[in-house]
Amino acid sequence: MPQAVAAGQPAVPIAEAADAATGAIAKADPQPVAAAATVCGTGYSLFHAVPLPEGTDPNLRLAALYSYENNGKGCAILDNNVGKSQYMYLHVCKVDNTGCSTDSGNFSAYAGPVYVAGDVCAPVTAKMGATSSSLYINYATEYMFSCD
């Protein structure tokens, strides 16, 4: 798959196992994909991207959830597309509910990075709203990392 290239950002490789929707999001809006990858660290490839709320046109999203992989380690970022500080919560664990990582608080740019080790299906929860009790995004998925 081609690499996403953003002005002023290094190219971000897209994992071979990434789905077509993820590739399309990276191609249409490469700058946040590259910026989030930089936050994870070097050597990460984009695995999955989800515009949120789920089912939202990528141009109308309020947030985007990105997952990256690097030699058996996963990294997730919840990108804030609202343009102002919001309550954000991002949580990942191994499928056996161990090795958990959480980032939460009021952020204007992103929540994360949160990391998970091992080539496992790792459930991810992403929340965003004006406050922790006034959410407009409450998303959970089993499919943000590869399940090797």
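Let's start with a close-up: Y87 stands opposite N106, a residue of strand β5. This is a predicted model, in which local features need pLDDT of at least 70 and side-chain atom pairs count only at pLDDT 80 or more, while totals for chains, interfaces and linings use all residues. Residues are numbered from 1 along each chain as its sequence is written, and side-chain values use heavy atoms, leaving out hydrogens and water.

**The sheet**

Strand β4 (residues 86-92) and β5 run antiparallel and are joined by 7 bridges. Helices (H or I, at least four residues) and strands (E, at least two) are DSSP runs, numbered from the N terminus; two strands pair if DSSP finds at least two bridges between them. The wider picture is an open sheet of 4 strands with antiparallel pairing, in the order β5-β4-β7-β8. Its edges are β5 (101-107) and β8 (134-141), each of which pairs on one side only. From one strand to the next, the twist averages 5 degrees, where axes are lines fitted to C-alpha atoms and angles run from 0 to 180 degrees between N-to-C directions.

**The disulfides**

There are 2 disulfides in the structure, each being a pair of cysteine sulfur atoms within 2.5 Å. Here they are side by side:

| Pair | S to S distance | Torsion about S-S | Hand |
|---|---|---|---|
| C40 and C75 | 2.0 Å | -80 degrees | left-handed |
| C93 and C100 | 1.8 Å | about 110 degrees | right-handed |

The link of C40 and C75 is left-handed, and this pair connects distant parts of the chain: C40 lies in helix α2 (residues 30-40) and C75 in strand β3 (residues 73-80), 35 residues apart. Both C40 and C75 are buried; buried means under 20% relative accessible area, exposed over 50%, and partly exposed in between, using a 1.4 Å probe and protein chains only.

How exposed is C100 in the other link? At 40% relative accessibility, C100 counts as partly exposed, whereas C93 has a relative accessible area of 3% and so is buried.

**Helix α1**

Which residues of helix α1 (residues 20-28) are buried? They are T22, G23, I25 and A26. These residues lie on the same side of α1 because they cover an arc of only 160 degrees around the axis, the arc being that of the directions from the helix axis to the C-beta atoms. A20, K27 and A28 are exposed on the other side of α1. The buried residues of α1 pack against α2 and β1 (45-52), with contact meaning heavy atoms within 4.5 Å.
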